[in-house]
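Thanks for making the time this morning; I would like to walk you through one model, and I will try to keep to what the coordinates themselves support. Please have the structure open while I talk.

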Amino acid sequence: MDFTYTETQDMIRDTLSRFLSDTYDFETRQKFINSDSGRDPAIWTALAQELGMLGAAFDEDHGGLGGGALENAIVMEELGKVIGIEPYLPTVVIAGGALKAVGGAQSDAMIPEIIAGNAIIAFAYAEPQGRYDLANLRTTAKKDGAGYVLNGHKGVVYAAPWATHLLVTARTGGGQRDREGVSLFLIDANLPGIVRRDYPTVDGSRASEIYFENVAIPGDALLGGEGTGLPLVEQIVDEATVAVCAEATGVMQKLHEGTLEYTQQRKQFGIPIAKFQVLQHRMVDMFMEVEQARSMTIMGVLKLGLPANERMAAVSAAKAKVARGAKFVGQNAIQTHGGIGITQELAIGHYFKRATMIEGQFGSHDYHMDRYERLVLAD
Amino acid sequence: MDMEFSPEDLAFQQEVRDFIAENYPAELREKQDEGEEMSKEDFLVWHKILHKKGWIAPAWPVEYGGTGWTPTQRFIWSEETARADCIRLMPFGLAMVGPVIYTFGTPEQKAHFLPRILSGEDWWCQGYSEPGSGSDLASLRTTAVRDGDDYIVNGQKTWTTLAQHADWGFFLVRTDKDAKQQEGISFLLIDMKSPGITVRPIITLGGEHEVNEVWLEDVRVPVANRVYEENKGWTCAKFLLAHERTGIAGVAASKRGIEKVKAIARTEVDGDKPLLANAFFKRKVAELEVDLAALEFTELRSLAGPNAGRGPGPESSLLKIKGSEIQQRLTELSLEAVGHYGAPYFRGFGEGDNEHPIGPDYAHRAAPTYFNMRKTTIYGGSNEIQRNIIAKMVLGL
């Protein structure tokens, strides 16, 4: 049993932290998220080519640093600290995770492209009617010769406007909510018949509604088995959920630190408001939530390799705890800042917005508590 | 980073399981299962078995009788003893005054007291709180005045846990009335059989005699029984409080506690289903498990993380706050789970009394335990004081 980081892991964190503090200050971020494209592509390129950061979680055989879920968590936490909108989660954690799980020619072809920063992959899994149920799919992929024809509507696909590729869940069989019949495809984002409606998200990113209208896709776009893809989807979504917990830890830490700093400057009744015990105790409660989010992220990382039921229970416990903590820390950061907290001016409000979206990402507190109970507390 | 047990750790785990299975007294197990109050002898019987085995003080340095276990082995030990529902060991000697003595004591004090703590020969109690000094412990007014080779001690202590059993007590006393509060305090070891000591019971909400008032009237204490320098007792007190807080997370015991609550909720019937099928009750159990996992991994990070080995810091206040809240929620759920049969007041078996108490065994102590465990957020520095400590020492406010 060991809860320490290796030298390489410390180096990844330090390198990324330095890079982001140089390139990702709040004003710069606001400038590029409000630009037409909503991002600065040079940052992604630098992450890949100057820092080698996009390879941290990939095998050395593919040109990576040989890491995995813990490296992903380190990167996501650092991105959380700057409310980074870089598409690391869908590209490296999710699509990269699926490719690693599937292996073979598809991963040999694609992983080097991810590491080099050439590929940005958006994860088109959610549908308007499906809520958090990964199997609730109306999107279909019908066999057509050697390939498939894709039809359907995917909702709120983060990073899709920037994507070179899409990772898509679709039905190759079964009824709308069956576990059987789910397949996973990695396709070119610009195939004929893909219609996108792009928009900004409340937390500073960009997303799309995606409509597949008789999109012809090649047979080798299928990742894993046809119709047996749900366990793989559940696995990569669990990996993504833990990564989002890590991001939340970074976001929450900054919300807490920003609040500490603000209360020591802001004076009322002639003294810094940090002197008031009622605020001190609240900031202690926020601190405890940050620490517990960090602990739950580590638990999630360490349990990702367990058999599916144990893995899912651990991930749900982590996400449920982190969702509550993110809400508590975010709301109290705003409350403690008072009026200025509810303006766009300070960074704190933007951290709060990201924290709020993380609460529901890959399942709300209630969703994960339900899943946890089904797995652990059967009566 | 990993949470695997090495082959050596797994072998150790098996050794611990076998040892407990072969050596835990059956009569004690029976008494625990029936929910009876534990006597001094009950606490000591397991203590003495562990002492004989050399496993009584895993946290102590080897030179003083510790086991030399790795943090992982200590984790396994606490898990296994909780899993087997072994009776808790009294902390006053092993976890409190023992570490103070081996850290600050004289060679004579170490040689005399430490072996007797390990063997269980001396039962210790803690003379800290006073009627006027609770959270503001440094305002304490019990005085010790030098008279040749002795101090003459006068004052009143309160909330002295199990002082009725105690052979010795460690006391904070004021040796300099003119110094700033924390700077005039000394740490004395006092023989509880000394003339001038009176112990009076305080009966708590569950009906237990667990705590006491201790009156000290012209009690003579040899100067040789002062630990560390005169007027430097606060250093020992702070050291001890930080130590007290780490054990207080109680993760392994709370895990066991959750299993007990679940067992009750599978037995109790709500409508035509077990109580555990009630969505509201189930959610409360699930929330508790999730919070306990967060506490467990926070403790593991401090035991086996980058800061391991630095000793308990102010972060241990977090473990105390969250650990005590969880212990209380467990007792709330137990009481809620037993329904009507929380009400009958079971006073324990009297002499020759062999009528079975009212209600199921698991209900006998549900209410008294709930009442009793309100103490956990009050003792060892109330949770409000713990927040003050974090605010000052960790957040720099």
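**A helix, an interface and two cores**

Let me start in chain B, bearing in mind throughout that this is a predicted model: right after helix H10(B) comes B:Gly339, a residue whose phi is positive, near 60°. As for the helix itself, H10(B) has 23 residues, which at 1.5 Å a residue should span 33 Å, and because its end C-alpha atoms are indeed 33 Å apart, the expected and the computed values agree. H10(B) is also mostly covered, with 18 of its 23 residues buried.

That brings me to the contact between the chains, where 34 residues of chain B meet 29 residues of chain A. On the chain B side, at least two residues each come from helix H4 (71-83), helix H9 (279-304), helix H10 (316-338) and helix H12 (383-394), and H9(B) gives the most, with 12 residues. Sorted by class, this side of chain B consists of 23 nonpolar, 3 polar and 8 charged residues.

Now to the interior. The largest nonpolar core has 162 residues, and the members that touch the most others are A:Leu167 and A:Phe185; helix H7 of chain A, residues 230-265, gives the most to this core, with 16 residues. If we set aside neighbours within four places in sequence, the contacts of A:Leu167 include A:Ile94, A:Ile121, A:Phe123 and A:Leu184. Apart from this core lies another, of 51 residues, and among them are B:Trp60, B:Phe92, B:Leu118 and B:Leu240.

Terms used
Residues are numbered from 1 along each chain as its sequence is written. Chains are lettered from A and ligands numbered from 1 in the order in which they are written. This is a predicted model: local features need pLDDT of at least 70, side-chain atom pairs count only at pLDDT 80 or more; totals for chains, interfaces and linings use all residues. Two residues are in contact if their C-beta atoms, placed from the backbone, lie within 7 Å. Helices (H or I, at least four residues) and strands (E, at least two) are DSSP runs, numbered from the N terminus. Ala, Val, Leu, Ile, Met, Phe, Trp, Tyr, Cys and Pro count as nonpolar, Asp, Glu, Lys and Arg as charged, and the others, Gly among them, as polar. A nonpolar core is a set of buried Ala, Val, Leu, Ile, Met, Phe, Trp, Tyr and Cys residues joined through C-beta atoms within 7 Å. A residue is buried if 20 or more other C-beta atoms lie within 10 Å of its own, exposed if 12 or fewer, and partly exposed in between; C-beta atoms are placed from the backbone. The expected span of a helix is 1.5 Å times one less than its number of residues.
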